[in-house]
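Biologist: Please show me the model. I have some questions about the cysteines and the ligand.

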Amino acid sequence: MDGTADALVAAARRVRRNAYAPYSGFAVGAVLVAEDGRWYHGVNVECAAFPAGLCAERAALAAAVTDGQRGITAIAVAGPGADPVTPCGVCRQALAEFGTDVAVLCAGEEGEPVSRRLAALLPEAFGPGSLQR
Ligand code: THU
């Protein structure tokens with residue numbers, strides 16, 4: 001990983017301390033990089049009404065869009081344990097709304113993260129262009 005990727009993963013690991021995950025105990029942090037280089041943090045926010053819970057990646061995405069961003073270049077995701085956490089299917093789809101040429105850095109609590117392209121995590125994605133018929 002290069003320096004920026006290292007810093008992104010470190011930030012995702014730090015912010016996961018703010019996760020609200022009393023039901024699963026599975027705290028996740030995410031840091032998204034927008035097209036202009038700005039970073040947006042997110043954590044998972046669970047809910048007693050379970051389906052209302054939100055993943056860290058979509059929390060970071062909402063923060064970026066709220067700030068006026070419409071393009072993503074990278075996102076780092078960090079969860080518990082040794083194995084890298086990869087985004088759930090719903091988050092893959094939500095991120096793909098803003099393009100699939102996105103570096104996805106997947107990390108556990110420590111150890112070497114894995115880097116994937118969103119296009120590889122969500123092949124043949126349905127996206128905004130798919131609505132044009
Ligand atoms: N979760 C995330 O926030 N991101 C992921 O990439 C995987 C799963 C959350 C959802 C739920 O709050 C908890 O982790 C367990 O699934």
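**Cysteines and ligand**

Modeller: The sulfur of C91 has its closest cysteine sulfur in C88, 3.7 Å away, which is too far for a bond. This is a predicted model, where local features need pLDDT of at least 70, side-chain atom pairs count only at pLDDT 80 or more, and totals for chains, interfaces and linings use all residues. Residues are numbered from 1 along each chain as its sequence is written, and side-chain values use heavy atoms, with hydrogens and water left out.

Biologist: Why is C91 with C88 not called a disulfide?

Modeller: A disulfide is a pair of cysteine sulfur atoms within 2.5 Å. The C91 sulfur is 3.7 Å from that of C88, so the pair fails.

Biologist: What about C106, and how many disulfides does the rule give?

Modeller: The closest cysteine sulfur to that of C106 is in C91, at 12 Å, too far for a bond. The count is zero disulfides.

Biologist: Why is C106 called buried?

Modeller: Buried means under 20% relative accessible area (1.4 Å probe, protein chains only). C106 has 0%, so C106 counts as buried. C91 is also at 0%, and therefore buried.

Biologist: What makes the link between N44 and the ligand a polar contact?

Modeller: A polar contact is a pair of N or O atoms within 3.5 Å. A polar side-chain atom of N44 lies 3.0 Å from a ligand oxygen. A backbone N or O atom of A56 lies 2.9 Å from a ligand oxygen. For an N or O atom in the E57 side chain, the distance to a ligand oxygen is 2.5 Å.

How values were computed. A polar contact is a pair of N or O atoms within 3.5 Å; within protein, one must be able to donate a hydrogen and the other to accept it, and residues adjacent in sequence count only if both atoms are side-chain atoms. Buried means under 20% relative accessible area, exposed over 50%, partly exposed in between (1.4 Å probe, protein chains only).
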